[in-house]
Amino acid sequence: MRETGGVRAVTISEPGGPDVLTWTEVPDPVPADGEVVVDVVAAGVNRADVMQRRGLYPPPPGAPEYPGLECSGTVDGREVCALLSGGGYAERVAVPRGQLLPVPRGLSLAEAAALPEVACTVWSNVVDVAGLRAGETLLVHGGGSGIGTFAIQLGRALGARVVATARAAKHERLRELGADRVVDYTAEDFVAATEGGADVVLDIVGGSYLQRNVDVLRTGGRIVTIGLQGGRSGELNLGALLAKRASITATTLRSRPAEDKARIVAGVREQVWPLVEAGTIRPVVDRTMPMAQAAAAHALMESSDHLGKIVLLARG
Ligand SMILES: NC(=O)c1ccc[n+]([C@@H]2O[C@H](COP(=O)([O-])OP(=O)(O)OC[C@H]3O[C@@H](n4cnc5c(N)ncnc54)[C@H](OP(=O)(O)O)[C@@H]3O)[C@@H](O)[C@H]2O)c1
């Protein structure tokens, strides 16, 4: 604990299951030039943290070694939230100034911790890359994920028609968030269910959905792939892509340079934060758990029984 001179963080003892996560004392982070240290109150859990724990997604060079891509807390007594390259599962973390965001008015720190990673990922892909416009159709795969629950709300706020795939148990909540059509991907074909096709597909599945993602596109459609839960590779008939004058982009946020992250954070602050402060977009927090119980939080995420975000509390 800080009171006794140390800082606690969730460390990964070796690649493996949730039990390799240990809440333990670590050295206090030392900020580099341009960084500040956040006294962490809460940290969002992301699927990438699970991959890191399994040894499949190492932190980029220079990033803190502990898991955690977003947090909220205080800097010199001022409440903030932040996009991180790692290290959020800790009592203190160093972060480049350009990755700090104010806590949106009306939100608790626990709610604010659920936003930076999903807001930056979804805004940068759906708005910055794909340029979703009012009146278009956005297909969100994994509508019940942390990413999906945010994407549904942002798509709706931008005036798009939103179709979301998810298991049936999550459908009612996704309709409440603004999905116009929900598709049980375990029972229905999302291509047939997306009547009229999609202009933008936010894809977290990758390989196994590649051809059908192209099939569902309208002319001029854009696929933005951000996850590979269905594999890294797939076969694609390029003729269909060509005839539709369509594009496929794949991006990852974590490894982008700090200047790029700062640009995305600034875009989110300008275009997304007003929607959050107006209540048009709300953080969807499935539950909060003590950071010391990070192993249970990871087990929950791997079960996919959560809806939206799981948030860890540093002093929970
Ligand atoms: N590239 C980037 O910069 C970036 C940044 C953040 C996140 N991501 C990616 O975005 C994805 C979501 O992340 P998260 O942290 O929000 O995860 P999460 O909350 O754990 O959600 C993952 C969800 O994927 C759904 N899913 C699994 N297979 C599916 C399929 N075949 N079709 C449709 N949905 C399926 C599951 O929902 P059901 O219960 O409905 O099956 C599950 O809840 C992950 O793949 C993650 O790696 C990428």
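Start by selecting strands S4 (residues 70-75) and S5 (residues 78-83) in this predicted model. The two strands run antiparallel and are joined by 6 bridges. One pair to label is Thr-74 and its bridge partner in S5, Glu-79.

Next, go to the turn. S4 and S5 form a hairpin with 2 residues between them. Asp-76 lies in this turn and has a positive phi of about 50°.

Keep S4 selected and show the surface. How many of its 6 residues are buried? The count is 5, and the strand is mostly covered.

Now add strand S3 (residues 35-44) to the selection. S3 also pairs with S4 in the antiparallel sense, over 4 bridges. To find the register, label Ala-43, which stands opposite Cys-71 in S4.

Stay on Cys-71 and show the cysteine sulfur atoms. How many disulfides does a search of the whole structure find? The search returns 0. Cys-71 is in no disulfide; the nearest cysteine sulfur belongs to Cys-81 and is 8.1 Å away, whereas a disulfide needs two sulfur atoms within 2.5 Å. Select Cys-120 next. Cys-120 is in no disulfide either, and its nearest cysteine sulfur, again that of Cys-81, is 8.9 Å away.

Are these two cysteines buried or exposed? Cys-71 has a relative accessible area of 0%, so it counts as buried. Cys-120 is buried as well, with a relative accessible area of 0%.

Move along the chain to strand S11 (residues 198-203) and strand S12 (residues 217-225). These strands pair in the parallel sense over 5 bridges. A place to check the alignment is Ala-198, which stands opposite Leu-217 in S12.

Add helix H7 (residues 210-215) to the selection. Together, S11, H7 and S12 make a β-α-β unit, and the unit is right-handed.

From S12, step across to strand S13 (residues 247-250). S12 and S13 pair in the parallel sense over 4 bridges. Here the residues to label are Val-224 and, opposite it in S13, Thr-249.

Finally, zoom out and colour residues 16-312. An unreviewed UniProt entry annotates this range as "domain: Enoyl reductase (ER)". Over these residues the chain is 30% helix and 26% strand. Select the C-alpha atoms at the two ends of the range to finish: they are 20 Å apart.

Definitions and conventions
Residues are numbered from 1 along each chain as its sequence is written. This is a predicted model: local features need pLDDT of at least 70, side-chain atom pairs count only at pLDDT 80 or more; totals for chains, interfaces and linings use all residues. Side-chain values use heavy atoms; hydrogens and water are left out. Two strands pair if DSSP finds at least two bridges between them. A crossover is right-handed if, with the strands pointing away from the viewer, the path from the first strand over the helix to the second runs clockwise. UniProt positions are given in the numbering used here, feature names are shortened, and annotations may be inferred rather than shown by experiment. Buried means under 20% relative accessible area, exposed over 50%, partly exposed in between (1.4 Å probe, protein chains only).
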